[in-house]
Amino acid sequence: MSELDILFYILSSMSVLFGALVVLTSSPIYSSLYLVMSMLSVAGIFMTLNAPFIAGIQIIVYAGAVLVLFVMVLMLFDLKRETKAFTKGRFSGFLKLVGAGLLCGFIAGAAYESVSLIMATSEEIPTNIAAAAETGFSPTTNSIKEISKLLFTKYLFAFEVLGLLLLVVPIGAVALSRVAGGTHAKH
Amino acid sequence: MQSTEALVSVGLNHYLVLSALLFTIGSLGVLLRKNMIVILMSIELMLNAVNISFVAFATYLDNLDGKIMVLFVMTIAAAEAAVGLALAVNIFKNFREVNIRFFEHLRG
């Protein structure tokens with residue numbers, strides 16, 4: 001059990017704990033705080049996966065931009081009157097819990113099986129899992145350079161479409177949150 | 001048979017199981033909560049879980065496509081949060097509460 005393993009266990013337990021707290025806390029502002037903590041743990045997990053660029057993007061975009069958006073929108077609302085945070089219905093709630101548990105089991109089981117399958121056919125993959133497992137991690141040097149090369153060659157069309165989406169989304173958000181008559185509209 | 005050493009030392013399986021756990025927590029949040037903001041946060045959790053499995057596969061297969069997908073997923077998540085929060089603001093303006101059950105009363 002190496003240091004990286006211990007780091008993984010600490011970070012993963014933190015992310016799961018704070019993720020559970022996001023769902024369980026009744027106050028949305030605390031939920032957003034726990035969500036920040038969970039995102040930061042996930043960024044640490046990306047670091048253990050030898051992906052520092054993705055970890056940085058995770059911190060900047062999620063903890064920096066998206067969560068600030070959440071908190072600023074929360075400030076618009078009157079939060080004192082949230083009495084019942086969870087949906088009603090014991091039976092349906094039980095069904096939802098059971099369904100989510102089954103989903104988790106199925107995903108984990110399928111992941112486990114698929115990993116064994118990939119391990120079995122790892123000769124067909126050029127740089128395979130087995131080699132990566134022996135050395136710990138594959139030496140992906142210059143990761144950012146490689147990622148940007150791929151982004152501007154193979155995925156250029158998707159990248160441009162994403163730019164278009166980012167143009168459309170603020171317009172849509174403004175159009176949605178704008179009510180005729182401004183903030184003092186009568187209903 | 002796997003020894004305890006193979007179970008304890010971290011591999012691809014561990015990351016996928018963590019991803020499944022986080023995804024389940026996020027889906028439970030979507031199913032059980034009534035506040036729309038918290039539901040959006042749970043969706044962010046689910047997208048994060050997917051990102052973990054993307055990066056884990058990208059690292060262990062030494063293939064950078066997964067990391068590109070993570071960039072795309074993050075962009076879509078930010079866009080989705082913006083639109084969802086705009087809808088939440090709209091709901092709050094109309095009903096003075098951000099409950100998900102008012103969603104069906106939104107018009108136009």
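Leaving aside its neighbours within four places in sequence, Asn48(B) is in contact with four residues that carry the label of chain A, namely Met39(A), Val42(A), Gln58(A) and Tyr62(A). The model is a predicted one, and within it Asn48(B) lies in helix H3 of chain B, which spans residues 36–60. Asn48(B) counts as buried because its relative accessible area is 1%, under the 20% limit. Its side chain makes a polar contact with the side chain of Gln58(A), at 2.8 Å.

The wider interface between chain A and chain B takes 86 residues from chain A and 73 residues from chain B. Together the two chains bury about 7,200 Å², with 75% of that area on carbon and sulfur atoms. Leu49(A), Phe70(A) and Phe77(A) supply 9% of the area that chain A buries against chain B, more than any other three residues.

Two side-chain pairings that join the chains can be set side by side.

| Pair | Kind | Distance |
|---|---|---|
| Asn48(B) and Gln58(A) | polar contact, side chain to side chain | 2.8 Å |
| Lys154(A) and Asp65(B) | salt bridge, closest N and O atoms | 2.9 Å |

Across this interface one salt bridge is found, while the count of residue pairs in polar contact, both at pLDDT 80 or more, is 11. On the side of chain A that touches chain B, the elements giving two or more residues include helix H1 (3–24), helix H4 (90–120) and helix H7 (156–177), and H4(A) gives the most, with 13 residues. The residues of that side divide into 56 nonpolar, 22 polar and eight charged.

Technical notes
Residues numbered from 1 in each chain as written. Chains lettered and ligands numbered in written order. Predicted model: local features only at pLDDT ≥ 70, side-chain atom pairs only at ≥ 80, totals over all residues. Heavy atoms only, no water. Helix = DSSP H or I, 4+ residues; strand = E, 2+ residues; numbered from the N terminus. Buried < 20%, exposed > 50% of the residue type's maximum accessible area, 1.4 Å probe, protein only. Polar contact = N/O pair within 3.5 Å; in protein donor to acceptor, adjacent residues only side chain to side chain. Contact = heavy atoms within 4.5 Å. Buried area = accessible area lost by both parts, 1.4 Å probe. Salt bridge = Lys/Arg side-chain N within 4 Å of Asp/Glu carboxyl O. Nonpolar A, V, L, I, M, F, W, Y, C, P; charged D, E, K, R; others polar.
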